[in-house]
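Trainee: Please take me closely through the side-chain links in this chain. I would like the charged pairs and the cysteine pairs, with the burial of each partner.

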Amino acid sequence: MSSPETHSAEPLCDHYSFGNFTLHVGHRTLHRGGEEVRLRSRAFEVLAYLVDHHGQLVTKAALMEAVWPDTAVTDNSLAQCMVEVRRALDDDAQRVIQTVARRGYVFAAPVMTPVVEFPSQPAILPVKPEASALAPGRPARTLRGLYVLGGALGLLTLMTGGLILVRLNPAGRELTYTQLTNFTDSAVSPALSPDGRMLAFIRSDNWWLTTDEIWVKMLPDGEPVQVTHDPRPKYGLAFSPNGSRIAYTVGPWWTAFTVSPLGGEPRKVLSNSAGLTWLNERQLLFSEISSGVHMGVVTATENRSEYHKIYFPQDERGMVHLSYASPDRRWALVVEMNPVWQPCRLIPLDGSSAGRQVGPKGHCTSAAWSPDGRWMYFGAEVEGNHHLWRQRFPAGEPEQITSGPTEEDGIAVAPDRRSLITSLGMRQSAIWIHDSGGERPLSSEGYVWHPEMSHRSGSVPRFSRDGKSLFYLRSDSSAGAAELWRADPESNRSTPVLRGVSILEYDISDDGKETVFSTQPPRKPSQLWLAALEGRSPPRMLSDSGEDSPHFGPHGEILYRMADGSTHYLAQMKRDGSGRSKVVPYAIGAIHSISPDRRWVTTTARIGADAGTLAIPVAGGGPRRICSGCPVVWAPDGRFLYLSLQKGSRTSLGKTRLIPLPPGEMLPNATNPHGMVGLDDPAAFPGSRLIDGWQFSPGPDPSVFAYVKTTVHRNLFRIPLP
């Protein structure tokens with residue numbers, strides 16, 4: 001039987017029997033005995049697909065893609081169909097269709113076809129995937145593997161030294177997890193010294209541009225020791241060939257530093273250098289900016305001699321942040337973003353081609369090689385699940401290594417080829433509000449999206465113009481489809497605004513009656529939609545050509561970011577999708593925020609001599625520099641500008657500068673070509689003040705703001721290699 005992950009909605013058979021039911025696919029009928037049971041069209045298709053793949057785990061994503069092709073929907077549409085199907089089958093106890101939490105469903109009842117009879121308890125048996133089940137981006141998973149680690153939160157409370165866990169991988173093979181760190185918070189970004197004796201990592205819940213610190217542990221039983229005291233955003237740890245230095249990248253304007261595993265002062269190695277690793281004692285492999293934010297892979301020595309360009313993404317918005325050379329130094333795996341994480345890419349280090357994508361078809365954030373070069377390893381998010389994968393070099397099929405409700409990310413392969421080290425844990429996210437009554441949560445279920453999680457600034461929570469509503473994106477998991485919700489800060493009640501609509505970025509009209517948003521159908525360009533929040537009519541598609549960052553303009557038009565070749569521009573269209581034109585002639589980055597009068601948008605880019613966070617006039621004209629790269633947002637009534645200056649960390653909430661604005665103005669009266677210099681100095685901006693926090697959503701009064709609080713618990717584990 002074909003895998004449910006790759007099978008189309010077309011059934012294998014025309015009719016099936018299970019219990020006292022008969023499903024006739026051709027006639028689109030369901031009978032209990034001699035009596036027909038009515039089902040609506042979508043509910044019937046859901047049932048037919050599940051029955052057609054009985055005994056197999058069908059993920060929610062695969063089911064929605066089969067039943068709702070080319071349509072942006074969330075889990076709510078599927079959940080409503082499942083309620084109707086269970087009611088028709090009298091399956092409140094879920095004996096017929098079993099739910100696998102946050103994964104999908106298994107049709108567990110015995111099914112008879114004209115030629116095949118299946119066992120009566122398939123849901124508790126390991127499902128052995130066929131070759132097609134290992135196709136890129138479509139992992140085969142077993143229920144038993146999920147059940148072994150079903151109590152994942154319990155796992156995170158069993159933090160005793162030397163904890164050993166046994167679970168099954170998707171192929172049904174036992175994996176023994178040996179715990180290496182025992183923090184009550186989190187450890188991420190593992191890196192091993194060449195001899196495998198030292199383990200470096202960041203003690204943080206975030207591996208990407210975190211202000212937390214680097215630690216080192218001697219394996220197997222040494223005490224972890226902090227080796228940096230560097231508050232700048234950092235990522236990308238790598239040991240030098242002799243193990244005497246640990247390289248890391250300081251962002252967001254990309255400088256490579258090294259520090260001794262014994263501690264001490266970090267030493268600057270190269271400017272305009274990210275993801276630095278060593279090819280040998282002399283040659284370095286790293287990324288650099290060529291123009292704007294276009295970042296690609298190069299090789300050179302520490303004084304930049306013997307310089308060679310290797311690979312730059314075709315799109316000028318593409319950025320390669322990490323690269324991993326093969327043991328023979330002929331190939332490299334690269335991790336790139338545009339503007340979200342892409343699948344990993346395999347490139348030749350002689351620069352002869354752009355290579356090809358490898359690994360699962362998902363968001364790849366880490367990679368590694370086996371010491372003999374026969375296997376490539378990936379940490380990737382596929383269908384909302386972040387796990388480890390491997391693929392035989394050069395042209396094998398991706399195979400999933402880990403599964404279950406936990407997330408695994410970061411890969412360090414031991415020199416003896418017998419094991420790898422990864423960061424394992426779980427995360428939860430909720431929206432909180434600060435007001436005169438203190439701080440309290442506004443959401444308690446689901447996962448609230450925010451820019452650092454989605455890499456799209458248009459996902460940030462935002463207050464309505466009158467401050468009576470707070471809009472935000474919520475999903476069932478840290479990577480699942482998100483729908484738009486509205487919270488009432490007075491009553492603490494939250495309700496969905498657009499049920500069944502999956503959203504990446506959004507904006508709310510000034511009167512609070514409409515939203516313009518973007519979606520991302522599977523394996524298709526992004527789309528722009530316009531919808532009434534009252535739900536009086538279905539959402540209307542404006543574009544399906546890869547546009548993003550939609551916002552309402554000052555006169556009701558739609559502003560967005562359009563692609564033109566390998567660059568992107570600020571553009572506008574009418575509300576029916578017609579009349580498209582560029583607003584300014586220069587390229588921009590993603591649109592981060594829009595002023596309350598809708599006459600300025602902010603972006604992070606390099607335009608001529610200006611670089612950093614720039615304000616772009618919607619009416620046309622040159623940009624105005626604000627700062628070197630700080631997130632910027634306005635109060636809903638336009639009286640204040642908020643600039644996030646210091647990112648939060650494990651020990652700090654971060655810092656944000658609140659600046660009062662002159663009446664009728666959306667930017668301070670600052671004419672300095674370098675932007676708002678002196679942001680750390682209160683005297684530079686009279687009436688301003690510093691607030692604890694980073695990238696929050698301001699209300700109409702400075703005492704009122706909302707923010708996303710993410711709770712993460714991760715530790716480092718050793719996993720034997722298959």
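Mentor: Start with D507, in a model that is predicted. D507 is buried, and its relative accessible area is just 3%. Its salt-bridge partner is R462, with 3.2 Å between the closest N and O atoms. Both ends sit in strands: D507 in β38 (residues 505-508) and R462 in β34 (residues 462-463). The two residues are 45 apart in sequence, and the pair links distant parts of the chain. This bridge also belongs to a network: R462, R465, D507, D510 and R598 are joined through salt bridges that share partners. R462 has a relative accessible area of 16%. The cut-off for buried is under 20%, so a residue at 16% falls on the buried side.

Now set that pair in context. The whole structure holds 28 salt bridges. Side chains of opposite charge can pair when their charged atoms come close.

Take D372 next. D372 bridges to R417, and their closest N and O atoms are 2.9 Å apart. Here both partners lie in loops. D372 is in the loop between β26 and β27 (375-382), while R417 is in the loop between β30 (407-413) and β31 (419-435). Again 45 residues separate the partners. Burial is another matter. D372 is partly exposed at 31% relative accessibility, and R417 is partly exposed at 46%.

A third bridge joins E45 and R28, at 3.5 Å between the closest N and O atoms. E45 belongs to helix α1 (residues 41-52), and R28 to the loop between β2 (21-24) and β3 (29-32). That spans 17 residues of sequence. E45 is partly exposed, with a relative accessibility of 24%. R28 is partly exposed too, at 41%.

Turn to the cysteines. A disulfide is a covalent bond between the sulfur atoms of two cysteines. A search of the whole structure turns up 2 of them. Count the bonded cysteines along the chain and the pattern reads 1-2, 3-4.

One disulfide joins C344 and C364, with 2.1 Å between the sulfur atoms. C344 is in the loop between β23 (331-337) and β24 (345-348), and C364 is in strand β26 (residues 363-369). The bond therefore ties together parts that are 20 residues apart in sequence. The torsion about its S-S bond is about -60°, which makes this disulfide left-handed. Both ends are shielded: C344 is buried at 1% relative accessible area, and C364 is buried at 2%.

The other disulfide links C627 to C630, S to S 1.9 Å. Its S-S torsion is about -105°, so this disulfide is left-handed as well. C627 is buried, with 6% relative accessible area. C630 is buried too, at 9% relative accessibility.

One more cysteine is worth a check. C81 is buried, its relative accessible area being 7%.

Now put the pieces side by side. D507 is buried, and so is R462. D372 is partly exposed, as is its partner R417. The same label goes to E45 and to R28. For the disulfides, C344 and C364 are buried, and so are C627 and C630. To trace the links on screen, begin at D507 in strand β38 and cross to R462 in strand β34. From there, follow the shared-partner network, which includes R465, D510 and R598.

Note on methods:
Residues numbered from 1 in each chain as written. Predicted model: local features only at pLDDT ≥ 70, side-chain atom pairs only at ≥ 80, totals over all residues. Heavy atoms only, no water. Disulfide = S-S within 2.5 Å. Helix = DSSP H or I, 4+ residues; strand = E, 2+ residues; numbered from the N terminus. Buried < 20%, exposed > 50% of the residue type's maximum accessible area, 1.4 Å probe, protein only. Salt bridge = Lys/Arg side-chain N within 4 Å of Asp/Glu carboxyl O.
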